[in-house]
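Work through the exercises below with the sequence and the structure at hand. Each task is followed by its solution.

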Amino acid sequence: MTDYLDRLARVAADTRFDALPEATVEAAKRVLLDTLGAILAGSALPENGRLARLAAARAPHGTATLLGHGVRADALWAALVNATAGVALEVDEGNRLGGGHPAIHVIPGALAVAEEQELDGRRLVESVVAGYEIGSRIGGATTPRANVHSHGTWGTIATAVAVARLGDAPASTIRDVINLSASMSPANSWTPALEGATIRNLYPGRAGLQGILAVELQRCGFTGLRDAPSDVYASILGDRFDGALAEEGLGERYRIEQNYFKLHACCRFNHFALDAVLALRRANSFDADDVVRLRVTTIPFGARMADREPTNTLAAKFSIPYSVAAALVLDRTDHAAFEPPALGDPRIRALARRIEICSDPKMSPRRTDYPTAHVRIALRDGRMLEDTTTVARGDAANPVRPEELVAKFLGLAAPVLGPTQARRVVDGAHAVETLKNVRELTALLVPGR
């Protein structure tokens, strides 16, 4: 008898570039470019530079590029380093249907292995689409425990499926790999993100490393449970796992086409309020000093993101009051809005103290038929402004123009690579299917090429 894992594994094994719809290939290119931008920008953080040098020293004969750095390592270390960098600035894409942020759990590992094996661009696209699909679906079938963070949780499976697909593994092997990697899932909590402890950035990095390792363990002859996702995600990391939900709509439209891109450099759960606040700002003339009080009603998890006085950059990215205040004071929501000197700006701190966070149990980041945030602003002149967000900008259900995504990439990558080389990466990602060897692309992802 077949079950949901057999069907998921068959879809992954059957993912062939020539059979992919054009819309899926174009979506994969956009996701690839966006993820490369996130990794390059994050690579500039001091701790990520030191991690890259550690990886290169530990694996001195490796052939996988550490993006943003002039050194290499083996695929396991490269997946760890690149995925860690890619999540550090909170600009990586995600998927509201499930899996949290699938691309950062797929692309670093797939790219590293594809480069190591000198595979072509079509093979890379196949693997990314397959890994993204399965990771998102397993994530969407899970009801995680209240303090379980989405980063890393299903990422080991996503990377493992992508790497198995690169090896042209049959469906039976991919099922084995899913079960092995599920039992290797990291147990990650929300607390470091909310407090701003950067160990949280290792979540997808660890998942990527272990996903590659899971494929190698299967080749070594290690065995897994018959249905490991149901074991891990219904008892340890989740309150419930529904295998039938994992295959709902399978084969209708690839998940990578239904993603969202981040247009604010902070946790996605801030975006609902930010979109509404910025829409009010565009439609009405007022300054941050004009705000007497501001109330945000949003998804239930928003209550945990109500810290008005975050003490560091990462914590600020998980604070709705800080994010909204910074947007109104600085008129920007890029990474600079969350780092010094903005972090200590007394105007932002004063406004954040006038922001109240409430929750509505009917609001959900997955819904498209009900608001995800309602914002009410009281101004000194007596005006009362209100607006709602249902689907945040950048989601497939509320898309932005491709030019805006390219501009986002250039803003992230140009400071690391220079504007001319960053443009060459755009061209390379947009033509990834023509690459005979993915090293043609990775060669552009270090400075000075």
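**Exercise 1.** State which helices each supply at least two residues of the lining of the largest cavity, and classify the lining residues.

Solution. The model is predicted, with local features needing pLDDT of at least 70 and side-chain atom pairs pLDDT 80 or more, while totals for chains, interfaces and linings use all residues. Residues are numbered from 1 along each chain as its sequence is written, and side-chain values use heavy atoms, without hydrogens and water.

Step 1. A cavity is a set of points on a 1 Å grid over the protein atoms alone where a 1.4 Å probe fits but cannot get out; lining residues have an atom within 4 Å of a point. Grid points are joined across faces, edges and corners, and a volume is the space filled by probe spheres set on the points. There are two cavities of 30 Å³ or more, and the largest has a volume of about 50 Å³.

Step 2. Helices are DSSP runs of H or I with at least four residues, strands are runs of E with at least two, and both are numbered from the N terminus. The helices sought are α6 (121–140) and α7 (155–166). The lining includes Gly 135, Ser 136, Gly 155 and Ala 158.

Step 3. Ala, Val, Leu, Ile, Met, Phe, Trp, Tyr, Cys and Pro count as nonpolar, Asp, Glu, Lys and Arg as charged, and the others, Gly among them, as polar. The lining of the largest cavity then has three nonpolar, nine polar and no charged residues.

**Exercise 2.** Repeat the analysis for the second largest cavity.

Solution. Step 1. Its space is about 40 Å³.

Step 2. Ala 28, Lys 29, Leu 32, Ile 107, Leu 124, Val 125 and Val 128 form the lining, to which α2 (22–43) and α6 each give at least two residues.

Step 3. The split is six nonpolar, no polar and one charged.

**Exercise 3.** Determine how many residues of helix α5 are buried.

Solution. Step 1. Buried means under 20% relative accessible area with a 1.4 Å probe, protein chains only. In α5 (residues 107–116), nine of the 10 residues meet this, among them Ile 107, Leu 111 and Glu 115.

Step 2. Just after α5, Glu 118 has a positive phi of about 55°.

Step 3. For the protein, buried residues make up 60% of the 449 residues.

**Exercise 4.** Give the spans of the C-alpha trace along its principal axes.

Solution. The spans are about 70 × 50 × 40 Å.

Technical notes: On a 1 Å grid over the protein atoms alone, a cavity is a set of points where a 1.4 Å probe fits but cannot get out, and a pocket is an open set with protein on both sides within 12 Å along at least five of seven lines; lining residues have an atom within 4 Å of a point. Buried means under 20% relative accessible area, exposed over 50%, partly exposed in between (1.4 Å probe, protein chains only).
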